[in-house]
Structure formats: C-alpha cells, structure tokens
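User: Please take a close look at one part of this structure, starting from a single residue, and then explain how its surroundings fit into the rest of the chain. I am a first-year student, so please explain each term as you use it.

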Amino acid sequence: MKDFTVNAAIDCDLPPPFWGRHLIAGEWVDSAETFERVSPSHGTVVSVSACGDHATTERAIGAARTAFDTGVWSRASGKERATVLLRVADLIEASVERIAVQETLESGKPISQSRGEVGGAADLWRYAASLARTVHGDSHNTLGEDMLGVVLKEPIGVVSIITPWNFPFWILSQKLPFALAAGCTVVVKPSEMTPSSAVMMGELLLEAGLPSGVCNIVLGHGQPVGSLMSTHKDVDMVTFTGSTAVGKLITQASSDTLKKVALELGGKNPQVICPDADLESAADAVTFGVYFNVGQCCNASSRIIVHEDIAADFVARVVALSRKVKFGDPLDPDTQVGAIVTPEHNAKIDAYVQTAVAAGATLELGGGMLPVEGLGAQFYQPTVISNVSPDMAIARAEVFGPVVVVMTYRTLDEAISLTNDSAYGLSAGIWSENVHTCLEFARRAEAGTVWTNTWMDGYPELAFGGVKQSGQGREIGRYGFEEFLEVKSLVMRIGRSRAPWVESDV
Ligand code: NAD
C-alpha cells in the first residue's frame, strides 16, 4: 500500500505580488521600508508590504483616538453601525476568491479551506450587526421611591487588534466586527507572514462607508508595531490571538497602563475515544481535527486518549484514513493539507517527532518532510505516533503541524486526568454513545469548549476562548461582544428628597 496521497503541482499562473500599504485615518500610507512574503508552497514572492515603524504606529493610534473622541462612530446609533457591518458582509462575499487565493499563497493552506474561511467570515459580520442594534444595559426601578438606577453599556475605547498567520481573515473577523459593533475604534496589526487579507479588508471597509480613522491598519512586526500597540497610553484594550509566549509578553507590556487584555492563545487539545464510541465517525473526526489547516490550528486535536481495549483498532483506522488524506498543492481544489508556514517551523515539527521517537515512542505513520512534485519541500508527512507518555514534549507542547499523538486509558477518571494534565485548556472532546459519560466529561474537562461526538463545530452565537494558558476573555457570541463594552452605573435621584448632610445657614 502506498504511504501517502500527494497532489502534485497544478498548472496555473500565480497573480502578481500583492502590494500592501498601511491604512491610517482613511488614507493608504507607504513606508520607506518594505518586507516580502515568500509563498510556503510555491517559493516565490507573493506580497510586498509597507513595514511599519514607531512613527507609523503612533499615527495610527492617534487616528483611532481622534476618531473615537469625536464620536463619529462611538456615538453613532446601533442602526448606523449595523448598516455598515452588513455592507461589509456583502462585500466579503463578493470578494471571496481574490482574498482566498492570496491567503492560500501567503499561508500555504488549501484553497478550499481559504474559501470556507473567507466566505464564512461574512456570517460573523452579520451576527455582530445584530448585536449592534440589540445591545442594552439594565434598569433598577426598585431602589426606593426617590431613586432610579441605570446600567449603561459603552464602547471601551481604542482597541489594538493583533492577529496570527494561521486564520488571518477569520480571526480578524472574530474581533473587528464585534469591536466596531460596540462603537470602538481600532488599530489592526496582522501577522507579518500573512499581511494582505487585512489590507483587502481595509479596502472593503472604506467601500462600505466606515468613517475615516475608525479602523486603522499597520503592517509590520511584533517589534515595534505590536509592542507599541500594547503599551500606548491612548489604547484602552488589546485583543490578541497568537502564541502563549507572546500573549504573556503582551500582558506584561500592557500592565503599566492597566489596559484591558483579551488573549486567545495556544492549545494541546485532546479527544477521548470510549470503547462504546462510533469508531468510524470518531476516526474521521480525529483525522479532520489533526490535518485541517495543515495541523496549524489552535483547535487541532493533537492528543488522542483512547481506551486500551480499542487502541490498536482505532490507531489502525486513523493511519488508514491518514494515508488517504490529500496532501500537496494548496491551489488544487482537491487538496486537503497544504504547506507548512516556514522552513524553520517545518524543522521544529520534525524535531518534536524525532525527539519522541528517540525517547521510545512508536511511529505508526509519517515522521518526515514530504517533497511535492513541482513545488518545494516545505510540506510534512501525515504523522501518527503511539506509545507516547504524558511527560514527553510531543504530548505537552503545541507542535502545530500534521502530527497526532496517541495515549491510552483504562477508566474515565484516568481519561479526564490525562485530559486536564496540560498547561493549556482551549478545547476537548469525547466520543461515546452514552450521554452520561459525555456529560460527566464535559463538566470535568478544563477547557473553554467541549465537543461531544463532534469536533471543531463553531457558531457566531457561541463564545470561544480558553482557560489556563490558552487565554483569557472570550471571543464571538454575546460574551465576546461584551469584552468590548465598558459598564457605567448611572444613579438618579427623583425630586429633592435627600436629607442634607450639613445643615445650611442660608
Ligand atoms: P505569534 O504569537 O508568533 O504572533 C502573533 C502576532 O503577534 C503577530 O502579528 C506578531 O507579529 C505579533 N507579535 C509578535 N511579537 C509581539 C510582541 N512582542 N508584541 C506584540 N505583538 C507581537 O503567533 P503566530 O505564530 O502568528 O500564530 C500561531 C499561534 O497562535 C499558535 O500558538 C496558535 O495556537 C495561536 N492561535 C490561537 C487561536 C485561539 O483562538 N486560541 C487561534 C489561532 C491561533
């Protein structure tokens, strides 16, 4: 039997490199310095971007501050805000192909998944538009005859949005429309690896009629752009998605000004497979969970915890499916797994695998680079590793590649203890036909999301985020929206009933 299914390069012309500029106060702005992105799959330059410095970032933050303080957006009605957000959603849908191709070229992910990501993001904008019109506070009419209390919800202010490379358009859409729906103004910094889809988003925002300065975009690196966005006194909140290491730096950097910080960080997400599970569906979900987005996914199901009675059968099923998953040219609509984001990251994935094997783990499949005919070597084999002990680095660290490790358990207590034996707590799943088993697991798993008999389903209505070192705060859903709101209590006396504190002589 052949080891893997590989799609060779397809014959197609790549678009010319995308030219990205900053968006500041409604104007497109160049920088003297630029940076290039070389496509991980095709090895050619696919974008050239203006490279932000300290001064550019200052200007962008200043523009967001001014726009917020003038009230052009922060004091606009919910109806006005929703109208713009709904227009953006329509424009996204009309631009899916252009954005998706660029995203695939910069990230290496399969074009079918880029199309799904970009097209699906429109729904986040529509949902956020509904929140812009329905947000409300509370009233307290029971404080006594002479008092009325009202709790107001207000936009938090200027928000820094810092995003990673693995879902550039989707993650921006998990944050931006919700911040805008709340009435905030923003500065966006996309990853230096995938800057272009944020610029394309900026084009759509202008076309939709978002007032100047409400959304500013600075392209560039963590230093100095992201760093200044995390420390600046005129920024009220930072919302960050990325690695746990950088999340910790942002928390430290923001502490001087005590700005609010929301963090969506890494994960080492387990799926528990019980002996009574529908093994065919579970094996398919595990395969999807590990290889989707080239395994470079915060929600990757990179830890499988399977009952020892069915472990051999289950591993055989996952290996058989893994051989059939289509690796290769990400521009081929048939491809399911594309390229690894950088050669350094590919080497890092391989180092985790080789270290585990040297420590006694068993390589069931894969375990090396995967050159693709007509393309470069920046691909990694579908890799399944068993005989993994919980203390191995490969069982604890976020490998962020097409690699799954398998551990076994005997009792549900043991499975839950393995599930929770992690610094991370983003998501967890269980497969069992017994609802009681599923519910017990769901209650005891330390994770922001628990899936039972499914994996990675999400909806704009449902909050997303992690516990432990997977983050703080929530994104999307009503809870995610509330992160961008400040709460103000308004206390009103009715009439002149208050007894004087000091007797006046006059
Ligand atoms: P990263 O932390 O290296 O970079 C993320 C962003 O932070 C980039 O824009 C980068 O330029 C910027 N940055 C770097 N240093 C900075 C600094 N000192 N101050 C401010 N900004 C700085 O992450 P990445 O490699 O782009 O993305 C992969 C990581 O993101 C993984 O750990 C993954 O799990 C995580 N992620 C989490 C979620 C989630 O929702 N929990 C979703 C997607 C990705």
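Analyst: Leu258 is exposed, because its relative accessible area is 75%, where exposed means over 50%, buried means under 20%, and partly exposed lies in between, with a 1.4 Å probe and only protein chains counted. Before going further, please keep in mind that this is a predicted model, in which local features need a pLDDT of at least 70 and side-chain atom pairs count only at pLDDT 80 or more, while totals for chains, interfaces and linings use all residues. Residues are numbered from 1 along each chain as its sequence is written, and side-chain values use heavy atoms, with hydrogens and water left out.

Leu258 sits in the loop between α8 and β13 (260–264); helices (H or I, at least four residues) and strands (E, at least two) are DSSP runs numbered from the N terminus. Its phi is near 50°, which is a positive value in a residue that is not glycine. Most residues other than glycine have a negative phi, and most peptide bonds are trans. Asn453 also has a positive phi, of about 55°, although it is not a glycine. This residue is found in the loop between β22 (449–452) and β23 (467–468), and it counts as partly exposed because its relative accessible area is 31%. As for peptide bonds, the one from Gln223 to Pro224 is cis, with omega near 5°, and Pro224 belongs to helix α7.

Helix α7 leads us to the ligand, since four residues of the shell around the ligand, the largest share, come from α7. At least two residues of this shell are supplied by each of α7 (222–231), β12 (237–241) and α8 (244–254), and α8 is also the helix that precedes the loop of Leu258. There are 29 residues around the ligand, and Thr163, Glu192, Ser243, Leu265 and Glu398 come nearest; a residue is near a molecule if one of its heavy atoms lies within 4 Å of it.

By class, the shell is made of 14 nonpolar, 11 polar and four charged residues. Here Ala, Val, Leu, Ile, Met, Phe, Trp, Tyr, Cys and Pro count as nonpolar, Asp, Glu, Lys and Arg as charged, and the others, Gly among them, as polar.

Which atoms of Thr163, Glu192 and Ser243 approach the ligand? For Thr163, a backbone N or O atom lies 2.8 Å from a ligand oxygen. For Glu192, an N or O atom of the side chain is 2.7 Å from a ligand oxygen, and for Ser243 the distance from a side-chain N or O atom to a ligand oxygen is 2.6 Å. Of the 860 Å² of accessible area that the ligand has on its own, the protein covers 89%, where accessible areas come from the Shrake-Rupley method with a 1.4 Å probe.

The shell also draws at least three residues from each of domain 1 (13–265 + 470–489) and domain 2 (270–452), with bounds that come from an automatic or database domain assignment. The centres of these two domains, taken over C-alpha atoms, are separated by 31 Å. In the contact between the domains, 23 residues come from domain 1 and 28 residues from domain 2; contact means heavy atoms within 4.5 Å.

Elsewhere in the chain, Lys109 lies in the loop between α3 (96–107) and α4 (111–134) and is buried because its relative accessible area is 2%. A polar contact of 2.4 Å joins its side chain to that of Glu117; such a contact is a pair of N or O atoms within 3.5 Å, and within protein one must be able to donate a hydrogen and the other to accept it, with residues adjacent in sequence counting only if both atoms are side-chain atoms. Leaving aside neighbours within four places in sequence, the residues in contact with Lys109 include Asn166, Pro168, Asn293 and Pro330.

Thr194, in the loop between β10 (185–189) and α6 (196–208), likewise counts as buried because its relative accessibility is 2%. Not counting residues up to four places away in sequence, Thr194 touches Glu106, Ser107, Pro164, Trp165 and Pro168. Pro168 therefore appears in the contacts of both Lys109 and Thr194.
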